[in-house]
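Q: Could you take a close look at the salt bridges of this structure for a first-year student, and then show how they sit within the chain around them?

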Amino acid sequence: MVQIRLLDLLNTIDDAVESQEHARALQLIMANWYNLPDPSPLRERTAVILATVGRKREAVEVYTLAARHYANAGFPTRAIAAIKQMHALHPASTELLDHFATLYSVRSPYLENGRPQPSFPQPAGNLTTQVHGGEPDLDELFERVLERATDPDGTAERPGSLPALPLLSVLPPDALRRVLDFVDYEIFPNAQLVFEPSQKSADLLWTVSNDLTVNEGTKTFRIPAGSLLGLNAFGGSERAPRYRVLSERGSECLRLAQSAIGKLNDELPDFLNRLATLRRHALTEGLLDRHELFTHLSAEERARVVGRFTGLTLDKGTLCVRQGRPSPGLFILLDGKVDIIRKDDDWEITVATLGIGEVVGEVGLVASDQATATVVCTAAGHALFLAREDFEILASEHPPIAQFTARLARERLDAIESTLSAQDLAEVP
């Protein structure tokens, strides 16, 4: 027997609704209700059908129950999706928006950092996309489905441990509540390109379903629900997305458009700064997970080691290291750019331009009492910094860090010595 995915069932119900086969859609909901440990997706489809046939009051009631369950059970993007659909029918209702802002703001006592948004539990029985029997009584079907959809049994009445939602959960309640006003709910009707590597995204998207995919070469990866896409467009070094992101039919997301972000920054003056900070944190986590300086460490050790570093903001023109003076410490660039400049008599030679993930300051720490080149910031960014005395302690505790830094220093010295000296430059016609 072919296993039917929940998404396939939901798409089949949606097809029936679009074809105005409401009886068939309701029968599919009834036939599969008890095969789902959490039937909330069917509760949402019930609300869609009710709204379609003009029974808006009942649709609002069903959406409200689904949204409150999602919020309390730790499905924040699903909760917002249900709230947005309910709000389209009843714009004056703000209770659920206020409830969500209380649960998922930075001040919430329920948030657990690092906890992912869960997936729906696997069906308890086989799902079906077939209905049998003669022509049903539509009014009776509506009443039976509505009775199930409005029954709160099995829904989360109180919040438990909740996952933090990227960006939204670093905002205070009032700011989060205001951002929710600008968030749009979107369903992709067909498989389509969401992000193109050659283009920057000016919008932010949170995944509601877990069926958006990333193509990396010949491999395809699914993006978990609750992920934030589009952060690369914000921060000191704006970059286009690295990968193609594709939807399936029925994929759902929440979108905060560029125009909305501009309005929010006018109202909330630090909003763009929060975006840039969030991007930097995400970049830091991803970079350090795979950085050669830390690959020999376990996750727990890496967290402790990184905790010794200090975050720095580097303005354009900042001198990180001065030639001829002791290096102040080790820098790991998170974004921005620096030039390594060697001065010889009256000449200045740019030895290299370095960016994200590069380490600087190492030569003056391990290969020389004095720095052999100047390091100057040429594009504003951020760095992790470890002072000289702290580096010496860390290197003694973790020999692979000392070995990596010494090897890098030798490579940099070789690069510097291979550049033109002042005498060589004077002989150039």
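A: A good place to begin is a group of charged side chains: in this predicted model, D98, R177, R178, D181 and E267 are linked in a network of salt bridges. This network is part of a wider set, since a search of the whole structure finds 23 salt bridges.

Two members of the network can be placed with the help of the helices around them. D98 falls within helix α6, which covers residues 95-104, while R177 falls within α8, given as 173-182. Helix α6 is mostly covered, with seven of its 10 residues buried, and these buried residues are L96, L97, H99, F100, A101, L103 and Y104. Their cover includes α4 (56-73), α5 (76-89), β1 (111-112), β2 and α8. To follow the pattern along such a helix, it helps to recall that an α-helix has 3.6 residues a turn, so residues three or four places apart point the same way. In α6, the buried residues L96, F100 and Y104 can be traced on the model with this in mind.

Some other salt bridges join parts of the chain that are distant in sequence. The side chains of R78 and E252 meet in one of them, at 2.9 Å from N to O. Here R78 belongs to helix α5 and E252 to strand β10, so that the pair links parts of the chain 174 residues apart. Both R78 and E252 are buried.

A second pair is E248 and R5, whose closest N and O atoms are 3.5 Å apart in their salt bridge. Because E248 lies in the loop between β9 (244-246) and β10 (252-256) and R5 in the segment before α1, this pair ties together parts that are 243 residues apart in sequence. R5 counts as partly exposed, because its relative accessibility is 38%.

A third pair is E397 and R308, which form a salt bridge with their closest N and O atoms 2.6 Å apart. E397 is in helix α13 (residues 388-397) and R308 is in the loop between α11 (299-306) and β11 (310-314), and these distant parts of the chain are 89 residues apart. E397 counts as partly exposed at 41% relative accessibility, and R308 likewise counts as partly exposed, at 36%.

Charged residues also appear in another setting, for E147, D151, D153 and E157 form a negative surface patch. Of these, E147 lies in helix α7, which spans residues 138-149, and E147 counts as exposed because its relative accessibility is 60%.

The loops deserve a careful look as well. Most residues other than glycine have a negative phi, but the phi of L167 is near 70 degrees, a positive value. L167 is found in the loop between β2 (162-163) and α8, and L167 counts as buried, at 0% relative accessibility. Q20 also has a positive phi, near 60 degrees, and is found in the loop between α1 (6-18) and α2 (22-32). Q20 is exposed, with a relative accessible area of 65%.

Finally, the whole chain gives these details their setting. The chain has 15 helices and 16 strands, and 48% of its 429 residues count as buried. Among the contacts with a separation of 6 or more, 77% come from residues 24 or more positions apart. The accessible surface comes to about 21000 Å², and carbon and sulfur atoms account for 48% of that surface.

Conventions: Residues numbered from 1 in each chain as written. Predicted model: local features only at pLDDT ≥ 70, side-chain atom pairs only at ≥ 80, totals over all residues. Heavy atoms only, no water. Patch = residues over 30% accessible without salt bridge, like charges linked within 9 Å, V, L, I, M, F, W, Y side chains within 5 Å. Areas by Shrake-Rupley, 256 points an atom, 1.4 Å probe, with all protein chains shown as cover. Salt bridge = Lys/Arg side-chain N within 4 Å of Asp/Glu carboxyl O. Lys, Arg positive; Asp, Glu negative; His and termini not counted. Charge placed at Lys NZ, Arg CZ, Asp CG, Glu CD. Helix = DSSP H or I, 4+ residues; strand = E, 2+ residues; numbered from the N terminus. Buried < 20%, exposed > 50% of the residue type's maximum accessible area, 1.4 Å probe, protein only. Contact = heavy atoms within 4.5 Å.
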